[in-house]
Amino acid sequence: MTSSSTPAVRSGRGRARSFFWEEAADDWHSAREEGRRPHFSEYVERNLRTLREGVGREAGTVASLRSVHRVFLPAGGADRLPGRYVAEHCALTLFGLHQRAASEPVHRPGLGLGTACLMLRRSRVMTEAAVERRLVAAATAQDLNELVQHLQRLVPLLRQAGVGLDYTRLFRELTAWEGAGREQVLRAWGLQYTDPGPPAEPGTEEPCAERAPYWVTFEPGSRDTAAELAALRSGTGREPGTVAAMWPFHRTRMDSAWRNRGVLTRDLAAEHTALTLFARHQQAHDRRMHVTGSSPGRACGLLARQTATGTEGKTATAALDKRLGHLLTSADAGELAMHLRSLVPLLHRAGIGLDYNLLRTALRTWDDPRLPDAASRYRQQWDRDFHTSSTTSS
């Protein structure tokens, strides 16, 4: 669009014009493309001042903001404002705070909140821990009002670091926050924020090293052990990628485009389950419960040997054999995870470890249609492991 006072009109379902933040960005870029000094027109500057009047105010109560809205209110005067209208009000006021005194447009298409916080962290404007606290606080907001309050404190920091944000995307995320789409929003934020970047190119001087899984690097007795394990246990039964407290512990590699969309992959689901199981298993132990080579079959066999005393020996072995049988006949990864959740507390009490690299792979491939023989191979191997370890010394 040009810098005239009449914005361009375009067709769109539910709105007749581009969102104001889109108009503002187009206004600035048009000036530059025409060879003029890049700047915002008086139309944009005037409305930017108007947006800041709405900060902390209820949607629909600031008369001067109504002309900036692109989500139209339906006729009929319903008592409750549409969710999209409220979300747009929130996005507009956040944009007004973010754009204030910034010389370039802060609306950056394609730049999600998680990626913006990752860029803020790398800018060193504030510490990694401080950035993470602010993002986690936003992600754990109980309602839209609380979320916006956290974002009002975050966007000035983004401006200070010269980091933009896709406000059209944020509008959609605010719209989804109190509905069924919230979990995908959370997963996208977490995956964007923990994006390690592309794999290292051969021969580069500073390769992007693959980070080992948390259970491999875990150090029992370290200062943060209790808090870390508690954070991981909080994800039990929750949808993978949506638990903000777990984000720092994910190591799953994923294409950045998938991260940006918050795609739930088999790899992410398997790692999530393995992390929650490990946290329950490791709790209160002073040695690492990740033990390479210890399959569920071997662990059950060792437990049978440990509990086999006197006349109770055969009974204990039979009970564990039956428990393992239920696990081995799992129809899918979800059922496998359920049986592992009931097995891990028994192993925890007995101090018997598991190979969590193996568990993650099994959870990833158990019902993968591209690997139709995976489950049967695990069944055969784990059954052999049980009978071997229950009858011989470990």
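This passage describes the helices of a predicted protein model, how some of them pack, and two residues with unusual backbone angles.

The overall make-up comes first. The protein contains 17 helices and zero strands. It has 394 residues, and 47% of them are buried. The protein exposes about 19,400 Å². Carbon and sulfur atoms supply 50% of that area. Contacts were also sorted by separation along the chain. Among contacts with a separation of 6 or more, 72% join residues 24 or more positions apart.

Two helix pairs were examined in detail. Two packed helices are described by the angle between their axes and the distance between the axes. The pair α5 and α8 is taken up here before the other. Helix α5 spans residues 128-139, and helix α8 spans residues 182-193. Their axes are 11 Å apart and meet at an angle of about 170°. Angles over 145 degrees count as roughly antiparallel, so α5 is roughly antiparallel to α8. On the α5 side, the contact is made by Glu128, Val131, Glu132, Leu135, Ala138 and Ala139. On the α8 side, Leu186, Trp189 and Tyr193 take part. By class, this contact has seven nonpolar residues, two charged residues and no polar ones.

The other pair is α13 and α15. Helix α13 covers residues 296-307, and helix α15 covers residues 333-350. Here the axes lie 11 Å apart, at an angle of about 45°. The two helices are therefore oblique to each other. Their crossing is left-handed. From α13, the residues in contact are Pro296, Ala299, Cys300, Leu303 and Gln306. They meet Leu340, Leu343, Leu346, Leu347 and Ala350 of α15. Nine residues of this contact are nonpolar, one is polar and none is charged.

Burial was then followed in two further helices. Helix α7 runs over residues 167-176. Seven of its 10 residues are buried, so α7 is largely enclosed by the rest of the structure. The buried residues are Tyr167, Thr168, Arg169, Leu170, Phe171, Glu173 and Leu174. Arg169 and Glu173 belong to this buried set, and both residue types count as charged. The cover over the buried residues of α7 includes α1 (20-33), α3 (83-99), α6, α8 and α11 (256-261).

Helix α4 covers residues 113-123. Its buried residues are Leu113, Gly114, Ala116, Cys117, Leu118 and Leu120. What covers them includes α5, α6 (144-160) and α8. Helix α8 thus appears in the cover of α4, in the cover of α7 and in the packed pair with α5.

Two loop residues complete the description. Arg124 comes just after α4 and takes a positive phi of about 65°. Arg124 is not a glycine. The residue lies in the loop between α4 and α5. Is Arg124 buried or exposed? Its relative accessibility is 75%, so Arg124 counts as exposed. The cut-off for this class is over 50%.

Ala284 also has a positive phi, of about 75°, although it is not a glycine. Ala284 is found in the loop between α12 (266-282) and α13. With 78% relative accessibility, Ala284 counts as exposed. Both residues thus sit in loops that join helices: α4 to α5 for Arg124, and α12 to α13 for Ala284.

Note on methods:
Residues numbered from 1 in each chain as written. Predicted model: local features only at pLDDT ≥ 70, side-chain atom pairs only at ≥ 80, totals over all residues. Heavy atoms only, no water. Helix = DSSP H or I, 4+ residues; strand = E, 2+ residues; numbered from the N terminus. Buried < 20%, exposed > 50% of the residue type's maximum accessible area, 1.4 Å probe, protein only. Contact = heavy atoms within 4.5 Å. Areas by Shrake-Rupley, 256 points an atom, 1.4 Å probe, with all protein chains shown as cover. Axes fitted to C-alpha atoms, helices over the stretch in contact; angles between N-to-C directions. Parallel < 35°, antiparallel > 145°, perpendicular 65-115°, else oblique. Left-handed = near helix turned anticlockwise from the far one by under 90°.
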